Structure formats: structure tokens, C-alpha cells
Amino acid sequence: MTNTAIAATGLRKAFGDKIVLDGIDLEVGTGTVFSLLGPNGAGKTTAVNVLTTLMKADGGTIRIAGHDVESEAKSVRAAIGVTGQFAAVDELLTGQENLQLMVDLNRSISGNGRQIITELLERFDLVESAQKPASTYSGGMRRKLDLAMTLVGSPRIIFLDEPTTGLDPRSRRTMWSIIRDLVSGGVTVFLTTQYLEEADQLADHIAVLDQGRLVAQGTPDELKRQIPGTHVRFRFADVAELDTAARLLSGATRDDAELTLRVPSDGGTKSVRAMLDRLDEHELDAEEFSVHTPDLDDVFLALTGHSTEVDAK
Ligand SMILES: Nc1ncnc2c1ncn2[C@@H]1O[C@H](COP(=O)(O)OP(=O)(O)OP(=O)(O)O)[C@@H](O)[C@H]1O
């Protein structure tokens with residue numbers, strides 16, 4: 001048994017002379033959420049297509065659940081579920097019929113198909129609409145049905161290509177909690193998103209894709225620490241304390257009106273503890289204390305030189 005669910009090395013893909021994936025290496029641990037983050041057109045869907053055997057890479061090797069994507073495509077397909085941006089949902093069929101179709105198509109199902117459908121409808125809160133055509137569903141319901149259809153065969157590795165694009169905040173949160181439940185059940189999730197908050201919320205590991213390359217990889221916190229701007233903020237009871245603290249902590253900038261000090265820091269426990277110890281030595285007690293890390297929008301801007309704002313529509 002391997003602890004790596006997805007491993008890709010030197011992944012390359014071009015359309016004509018447009019290089020979309022320019023030598024990508026990535027590794028996703030079993031039972032973790034990996035988020036491939038990038039703006040529109042960065043190559044996220046292409047990466048998913050190549051990893052899931054839907055498209056042939058021009059170069060590189062990919063192993064999914066220990067199987068080589070090229071020589072063992074069938075085993076790879078049996079191990080994965082894919083939910084794309086363009087839902088597999090048939091608008092004319094009801095929710096239940098869509099799920100039944102997946103059951104009928106999925107020869108590997110061992111259990112009772114009817115029971116699987118009932119459980120999925122309940123789990124995704126779709127029981128009441130189960131007999132209605134999917135054309136009457138909201139965007140959020142359609143996404144849920146699409147994911148439910150992906151789960152019919154109980155895949156252990158799931159690819160979610162922009163699962164919440166276009167959803168309202170409430171439906172997005174519902175989808176997040178469904179994804180978290182899947183992961184707590186041991187499922188590995190490969191998630192693409194243009195929403196930095198989504199990657200921050202869900203992912204154990206984030207890779208930032210820009211112009212065919214991964215420009216950064218790490219945990220959300222590691223990424224945030226890579227860029228300048230992380231700082232620790234203290235608030236003191238009076239100006240005298242603020243004065244003393246400002247002398248003790250190097251690089252601090254003060255705000256006399258707010259009685260706060262802002263001290264550049266990597267936000268790590270070691271450096272924060274050192275600051276607190278220093279204040280403690282002089283019997284200074286901050287009234288408020290917080291570590292500020294930039295959000296992922298800042299990270300993207302710092303790493304790629306452009307924001308995702310205009311694209312994240
Ligand atoms: N079959 C194809 N033929 C030619 N060019 C393609 C093809 N598929 C994708 N591309 C191009 O490759 C680039 C990456 O597309 P891709 O869909 O992978 O990006 P993405 O990051 O998923 O973006 P989005 O968020 O818009 O889905 C785009 O410039 C796109 O136009």
C-alpha cells in the first residue's frame with residue numbers, strides 16, 4: 001500500500017505551440033486534499049484531464065493509486081472519480097434517474113444499487129427533489145448531484161475541477177463541508193480552484209499554477225509565509241508601555257492613536273515566543289496580540305506578479 005495517491009513527474013502538455021503544462025511535478029498523499037490554484041486559462045482543467053486519463057500528456061509520468069496512467073489506464077479509471085466543470089448531469093432525467101444511470105454504467109458496484117442511491121440522496125440533501133428533473137435544480141443542487149454521481153462507485157481518489165465556480169456563498173460552504181466529510185472518510189481529493197479562500201479552507205497542500213509552471217507549493221500557511229507582510233500586532237494599555245515595547249522589539253512600527261505595535265515576523269512559533277519572552281522580561285503585558293498573515297490573494301499577487309481578481313468571476 002502506498003501513501004502517495006497521485007504522483008506526477010515532468011508533466012508536459014501543449015496545444016500546438018501553446019505550452020499549457022511545462023514540466024510539472026506533484027505528489028498528493030493518500031487521504032489529503034491537494035489544491036491546484038490558478039486563474040482562468042492557467043491549465044487546471046488540462047492538468048485534471050491528463051491526470052485522469054481523459055487526455056494524453058506529451059511527456060512525463062503519472063501514477064495514480066500506484067498505477068501508471070498510460071499503461072494501466074483501466075486500473076486508474078477504476079480508482080478515481082472525476083467531477084468536471086461541465087456537469088455530467090442529464091437535465092431531462094430526475095436526480096434519482098441520473099444516479100440510477102451511474103449505477104447502471106458502473107459495473108464495479110458491489111452493493112445494492114438502490115440503497116446506494118437512497119444513501120447518496122440523503123447525504124446530499126436531495127431527497128425532496130429526487131423525483132424532479134435536474135433542469136429544475138439550482139446550480140448548487142446540480143453540483144451536489146454531479147458529485148453524488150461521481151461517488152456512486154465509491155472512488156478513493158476524487159478529482160474536483162472547480163467544484164464551486166459560480167455557486168453562491170451558501171452553496172459553496174455546503175460543498176466545502178461535503179468535501180471535508182469525504183476527506184475524513186479517507187478519500188483523497190485533487191481540487192482545482194480559482195478561489196484562494198477555497199484552497200485555504202480545504203487544502204492540506206496548495207500548488208500555484210501560472211503560465212504552465214508551479215510557481216509555489218506548500219501548506220496554506222507556508223505559502224503565506226513566503227511573502228513579505230506577515231506581522232505580529234500588539235496592543236498596549238498606555239503610551240508608556242507602548243514606548244517600552246517599541247524599544248524592545250526591533251523593526252516595530254507604532255500607532256500611537258491605537259496604542260498598537262506592528263512587528264514584522266514570519267509568524268512562526270519560535271519568533272513569536274521570542275517576542276513574548278522579551279516583553280515578559282520587562283513585565284510588559286500586551287492587552288491584545290495577533291499574528292497577521294496575508295491572505296492567498298496577496299500570495300498569488302506576490303508569486304505571479306498578477307492578481308486573480310479579474311479572473312475569479
Ligand atoms: N483542446 C484544446 N485545444 C487547444 N487549446 C486548448 C485546449 N484545451 C485547453 N486549451 C488552452 O489551454 C489553456 C489552459 O486551459 P485550461 O482549460 O486547462 O485552463 P484552466 O486553468 O482550467 O482555466 P478555466 O478556469 O478557465 O477552466 C487555455 O489557454 C486554453 O485555451
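# A guided tour, starting at Asp210

Select Asp210 to begin: setting aside neighbours within four places in sequence, Asp210 is in contact with Gly38, Ala42, Val215 and Thr304. Here, two residues are in contact if their C-beta atoms, placed from the backbone, lie within 7 Å. The model you have open is predicted, so local features need pLDDT of at least 70 and side-chain atom pairs count only at pLDDT 80 or more, while totals for chains, interfaces and linings use all residues. Residues are numbered from 1 along each chain as its sequence is written.

**Stop 1: around Asp210**

Asp210 belongs to strand E9. Strands (E, at least two residues) and helices (H or I, at least four) are DSSP runs, numbered from the N terminus. Is Asp210 buried, exposed or partly exposed? Asp210 counts as partly exposed because it has 19 C-beta neighbours inside 10 Å. The cut-offs are these: a residue is buried if 20 or more other C-beta atoms lie within 10 Å of its own, exposed if 12 or fewer, and partly exposed in between, with C-beta atoms placed from the backbone.

Now add Asp255 to your selection. Asp210 and Asp255 are 45 residues apart in sequence, and their C-alpha atoms are 38 Å apart in space. Colouring by domain is a good next step: the domain assignment gives domain 1 (4–219) and domain 2 (229–293). Such bounds come from an automatic or database domain assignment. The centres of domain 1 and domain 2, taken over C-alpha atoms, are separated by 44 Å.

**Stop 2: the six-stranded sheet**

Show the cartoon and follow the strands in the order E6-E7-E8-E3-E9-E10, which form an open sheet with mixed pairing. Strands E6 (80–83) and E10 stand at the edges with a single partner strand each, so one side of each has no neighbour in the sheet. From one strand to the next, the twist averages 15°. Two strands pair if DSSP finds at least two bridges between them.

Zoom in on E9 (residues 205–210) and E10, which pair in the antiparallel sense over five bridges. Which residue of E10 is the bridge partner of Ile206? That partner is Gly218.

While you are here, select Arg213, found in strand E10 (residues 213–218). Arg213 is partly exposed, because 15 other C-beta atoms lie within 10 Å. Thr45 is 168 residues away from Arg213 along the chain, yet 14 Å separate their C-alpha atoms.

**Stop 3: the four-stranded sheet**

Next, pick out E2-E1-E4-E5, the order of four strands in an open antiparallel sheet. Its edge strands are E2 and E5, each pairing on one side only. Five bridges join strand E1 (residues 4–15) to strand E4 (residues 59–64) in the antiparallel sense. Two pairs to label are Thr9 with Thr61 in E4, and Ala7 with Arg63 in E4.

E4 continues the picture by joining strand E5 (residues 67–68) through two bridges, with the two strands running antiparallel. There, Arg63 stands opposite Asp68 in E5. The hairpin of E4 and E5 has two residues between the strands, and Ala65 takes a positive phi near 50° in this hairpin.

**Stop 4: helix H1**

Select helix H1 (residues 44–51), which lies across strands E3 (33–37), E7 (157–161), E8 (188–193) and E9, and runs at about 155° to E7. H1 also lies across E1, E2 and E4, at about 120° to E1. These angles run from 0 to 180 degrees between N-to-C directions, with axes as lines fitted to C-alpha atoms, for helices over the stretch in contact.

**Stop 5: helix H4**

Which residues of helix H4 (residues 113–123) are buried? They are Ile116, Ile117, Leu120 and Leu121. These residues lie on the same side of H4, because they cover an arc of only 130° around the axis. The arc is that of the directions from the helix axis to the C-beta atoms. Arg114, Gln115 and Glu122 are exposed on the other side of H4. The buried residues pack against helix H3 (95–105) and helix H5 (139–150). Just after H4 comes Asp125, with a positive phi near 55°.

**Last stop: the cores**

A nonpolar core is a set of buried Ala, Val, Leu, Ile, Met, Phe, Trp, Tyr and Cys residues joined through C-beta atoms within 7 Å. The largest one has 52 residues, and Leu51, Ile64 and Val189 have the most contacts inside it. Strand E2 (residues 18–29) gives the largest share of this core, five residues. Apart from it lies another core of 17 residues, including Leu99, Leu120, Phe124 and Ala148.
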